[in-house]
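Here are a few short exercises to work through with the model open in your viewer. Try each one before you read its solution.

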Amino acid sequence: MKLYATVDELETWLSPKAAPADAGDLLRSASSLIRSETKRAIYATDADGYATDAATREAFRVATMAQVKFWSDSSINPALGAAGVQPLAASKSIGGASIAYSVYAATAEARANSAGALGPDAFYILEDAGLLDGPVRFL
């Protein structure tokens, strides 16, 4: 399995914020998603299938870390799909110790879809690097 970033790189990139406890799992899921989303991109690779161009390799690395941050910040576990999405608290109270969760269908559906979709930062990084949507070719 190709991994585009390491836990150490993620910790440095997120600093001073700590990497999530499940960083290794999130990096594997993010690398898989990014590989899937960029499979039509054309770029030179080494024998292991990693980009040989430094800028392209960096785009894969940073997009992977941005995806992990997106999932972590959104409390999404992509390995569990829709089941890995934590409910959002819509309201809380301390005195009566009550909590109400958001039950809006659109909110729940959007968060569930986020488990298998690129976050905004990862998308823009890959798009700017020309790695999304295959190139136009004239025959």
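## Exercise 1: around Leu131

Find the contacts of Leu131, skipping neighbours within four places in sequence.

Solution. This is a predicted model, so let's start from its atoms. Leu131 is in contact with Glu37, Thr38, Ala41, Tyr43, Thr56, Ala59, Phe60 and Leu126. Now pick one of these partners, Thr56, which sits in helix H3. Leaving out residues up to four places away in sequence, Thr56 touches Tyr43, Ala51 and Leu131.

## Exercise 2: Thr56

Decide whether Thr56 is buried or exposed.

Solution. The cut-off for buried is under 20% relative accessible area. Thr56 comes in at 13%, so it counts as buried.

## Exercise 3: H1 against H3

Work out how the axes of H1 and H3 cross, and which residues meet.

Solution. First, the geometry: the axes of H1 (residues 7-14) and H3 (residues 54-73) come within 10 Å and cross at roughly 70°. Angles of 65 to 115 degrees count as roughly perpendicular, so that's the label for H1 and H3. Next, the residues: from H1, Glu9, Leu10, Trp13 and Leu14 meet Arg61, Val62, Met65, Ala66, Val68 and Lys69 of H3. Sorted by class, this contact has seven nonpolar, three charged and no polar residues.

## Exercise 4: the core

Which residues have the most contacts inside the largest nonpolar core?

Solution. The core has 28 residues, and the best-connected ones are Leu10, Ile34, Val68, Trp71, Leu118, Leu126 and Leu131. H1, H2 (23-37), H3 and H5 (120-128) are the elements that each give two or more residues to this core. H3 gives the most, with eight.

Definitions and conventions
Residues numbered from 1 in each chain as written. Predicted model: local features only at pLDDT ≥ 70, side-chain atom pairs only at ≥ 80, totals over all residues. Heavy atoms only, no water. Axes fitted to C-alpha atoms, helices over the stretch in contact; angles between N-to-C directions. Helix = DSSP H or I, 4+ residues; strand = E, 2+ residues; numbered from the N terminus. Parallel < 35°, antiparallel > 145°, perpendicular 65-115°, else oblique. Contact = heavy atoms within 4.5 Å. Nonpolar A, V, L, I, M, F, W, Y, C, P; charged D, E, K, R; others polar. Core = buried A, V, L, I, M, F, W, Y, C linked by side-chain atoms within 4.5 Å. Buried < 20%, exposed > 50% of the residue type's maximum accessible area, 1.4 Å probe, protein only.
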